[in-house]
Amino acid sequence: MSNYDIIVIGGGPAGMAAALEAEKHGVKNILLLERAETLGGILEQCIHTGFGLHFFGEELSGPEYADRFAVQTEASCAITVKTDTMVLDVQAQDGTHIVTAVNKEDGLLALTAAAVVLAMGCRERPRGALNIAGTRPAGILSAGTAQKYVNLDGYMPGKEVVILGSGDIGLIMARRMTLEGAKVKMVCELMPYSSGLTRNIVQCLDDFDIPLKLSCTVIEIHGAEHLEAVTIAKVDENRRPIAGTEETIPCDSLLLSVGLIPENELTRACGAAMDRVTSGAVVNESRETSIPGVFACGNVLHVHDLVDYVTLESQLAGAGAADYVQGKRATGGEVTTQGINGVRYVVPQRVGRAQSEAVKLYFRVGQVYKNACVRVRCGDTILAQKKRPRLAPGEMEDFLIKPDQLASLPHDAVLTVEVVA
């Protein structure tokens, strides 16, 4: 059994940022485990630009962004990297964290650590979760799988494409398939608003004259061995197809961009409390879960729209894990956070009252708002508020809460984040 100060699970941007930040805070014995053969995570197949604008102040492609962290990680004397390694289990016993993993070189590994950082990322929601009627022909792929085929494998999955779901991956693949010579006939979105970033709607759809059909979904799939067409229909306010609005669209590919699911099997297995909205763990401002010494960050905690935010959050987790290992535990009690009146969730869900720096609360709204006010309050006391010309579910928002504001709150107070239309 090998012993480490911190074990980081996941070698994408979240895991690498957490490991590097823990090293900066004085931890010298860190193990980074990644199930793929290389570091970088999903960014390896995201060859488009748009990454790094917030964190580096310049526009980078996905591989360029990942490489900046991979170079530092592999050069670090404090971080040991094991790729092609699958973590099977994480358990906490008597203050020690036991990680079970396997790879083809070492076989079954039993590892212990003072702290663990969970950074496993997320996966795409599959076709089976959608209950679309029809056969099971070839030509139906998730948008991320199609992205891998085109960008990494050099394989074109089709020439006449319909995309279901307007998440960022679907929007980006609408542009990518067009640039590769395909005809993207439309992007259908079940909701009355897009779930992607506004900039992606403009740059990936509007700039290429690709129609976005809101309140519309695929209700039937046609084809035996290979996809031949799909039937779409408009939906009502209850998201049910409206009779008489059906339209059959010939196509040879259907790309699904219908949501991302945090990879939280390990989080649940170790017994951490979970948030039913984010499907991630309940954490404090250091991204520590309800299990002492177990931290979570990045898309395994809640799905982010920008990798820059993933990096910033993961640095908090890495610093928090380092403080935990070094015995620097915060005191002074906690307050809890909750989203109400249009706010779907808030992260972190717990915040310590004794802080040396401002704490940033991240949240998402549940629908599109225009010219609305968002505020944070404790009871009748408003701690922060701001007016926004537009709020949308696809774009994460944040608030800074100052240390003196937190210190003035009563123990076990509740901070509520809400939209005032």
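In which helix is Thr267 found? I looked this up in the predicted model and located Thr267 in helix α6, residues 265–269.

**Entry 1. Thr267**

I checked the accessibility of Thr267 next. Its relative accessibility is 0%, so I entered Thr267 as buried. I then searched for polar partners and found that the side chain of Thr267 makes a polar contact with the side chain of Asn264, at 2.4 Å. For the contacts of Thr267, I set aside the neighbours within four places in sequence. The residues that remained were Leu118, Met120, Ala272, Met274, Ala281 and Val300.

**Entry 2. Helices α1 and α2**

I turned to helix packing. Two packed helices are described by the angle between their axes and the distance between the axes. I noted both values for each pair below.

Helix α1 covers residues 13–24, and it packs with α2 at an angle of about 40 degrees, the axes being 10 Å apart. I therefore recorded α1 and α2 as oblique to each other. The crossing in which α1 passes α2 is left-handed. On the α1 side, I listed Pro13, Met16, Ala17 and Leu20 as making the contact; on the α2 side, I listed Tyr65, Ala66, Phe69, Ala70, Gln72 and Thr73. Sorted by class, the contact of α1 with α2 has eight nonpolar residues, two polar residues and no charged residues.

**Entry 3. Arg68 in α2**

I stayed with α2, which spans residues 62–75 and holds Arg68. Is Arg68 buried, partly exposed or exposed? I found a relative accessibility of 31%, so Arg68 counts as partly exposed. Leaving out residues up to four places away in sequence, I recorded that Arg68 touches Phe56, Glu58 and Leu60. I also looked up the separation of Arg68 from Pro13: 55 residues in sequence, and 9.7 Å in space from C-alpha to C-alpha.

**Entry 4. Helices α3 and α4**

Helix α3 is made of residues 143–151; its axis and that of α4 come within 9 Å and cross at roughly 35 degrees. I recorded the crossing of α3 past α4 as left-handed. From α3, the residues that meet α4 are Ala143, Gly144, Ala146, Gln147, Val150 and Asn151. Their counterparts in α4 are Ile169, Gly170, Ile172, Met173, Arg176 and Met177. I divided the residues of this contact of α3 with α4 into seven nonpolar, four polar and one charged.

**Entry 5. Helices α4 and α5**

I then followed α4, residues 168–179, to α5, residues 198–205. At what angle do α4 and α5 pack? The angle is about 20 degrees, and the axes are 8 Å apart. That makes α4 roughly parallel to α5, since angles under 35 degrees count as roughly parallel. I noted a left-handed crossing for α4 and α5. Asp168, Leu171, Ile172, Ala174 and Arg175 of α4 meet Asn200, Ile201, Gln203, Cys204 and Leu205 of α5. By class, I counted six nonpolar, two polar and two charged residues in the contact of α4 with α5. Ile172 is entered both here and in the contact of α3 with α4.

**Entry 6. Backbone exceptions**

Most residues other than glycine have a negative phi, and most peptide bonds are trans. I looked for departures from both patterns.

Asp94 is not a glycine, yet I read a positive phi of about 55 degrees for Asp94. Asp94 lies in the loop between β6 (86–93) and β7 (96–103). With a relative accessible area of 83%, Asp94 is exposed.

Asn131, also not a glycine, has a positive phi of about 55 degrees. I placed Asn131 in the loop between β9 (122–124) and β10 (133–134). Asn131 is exposed, its relative accessible area being 71%.

Which residues does a cis peptide bond join? I found this bond between Val347 and Pro348, with omega about 5 degrees. Pro348 is in the loop between β22 (343–347) and β23 (350–352).

**Entry 7. Val346 in β22**

I closed with Val346, which is found in strand β22. Its relative accessibility is 3%, so I counted Val346 as buried. Apart from neighbours within four places in sequence, Val346 is in contact with Thr337, Gln338, Gly339, Leu361, Tyr362, Phe363 and Val417. I also noted that Val346 and Leu415 are 69 residues apart in sequence and 9.8 Å apart in space, from C-alpha to C-alpha.

Conventions:
Residues numbered from 1 in each chain as written. Predicted model: local features only at pLDDT ≥ 70, side-chain atom pairs only at ≥ 80, totals over all residues. Heavy atoms only, no water. Helix = DSSP H or I, 4+ residues; strand = E, 2+ residues; numbered from the N terminus. Buried < 20%, exposed > 50% of the residue type's maximum accessible area, 1.4 Å probe, protein only. Polar contact = N/O pair within 3.5 Å; in protein donor to acceptor, adjacent residues only side chain to side chain. Contact = heavy atoms within 4.5 Å. Axes fitted to C-alpha atoms, helices over the stretch in contact; angles between N-to-C directions. Parallel < 35°, antiparallel > 145°, perpendicular 65-115°, else oblique. Left-handed = near helix turned anticlockwise from the far one by under 90°. Nonpolar A, V, L, I, M, F, W, Y, C, P; charged D, E, K, R; others polar.
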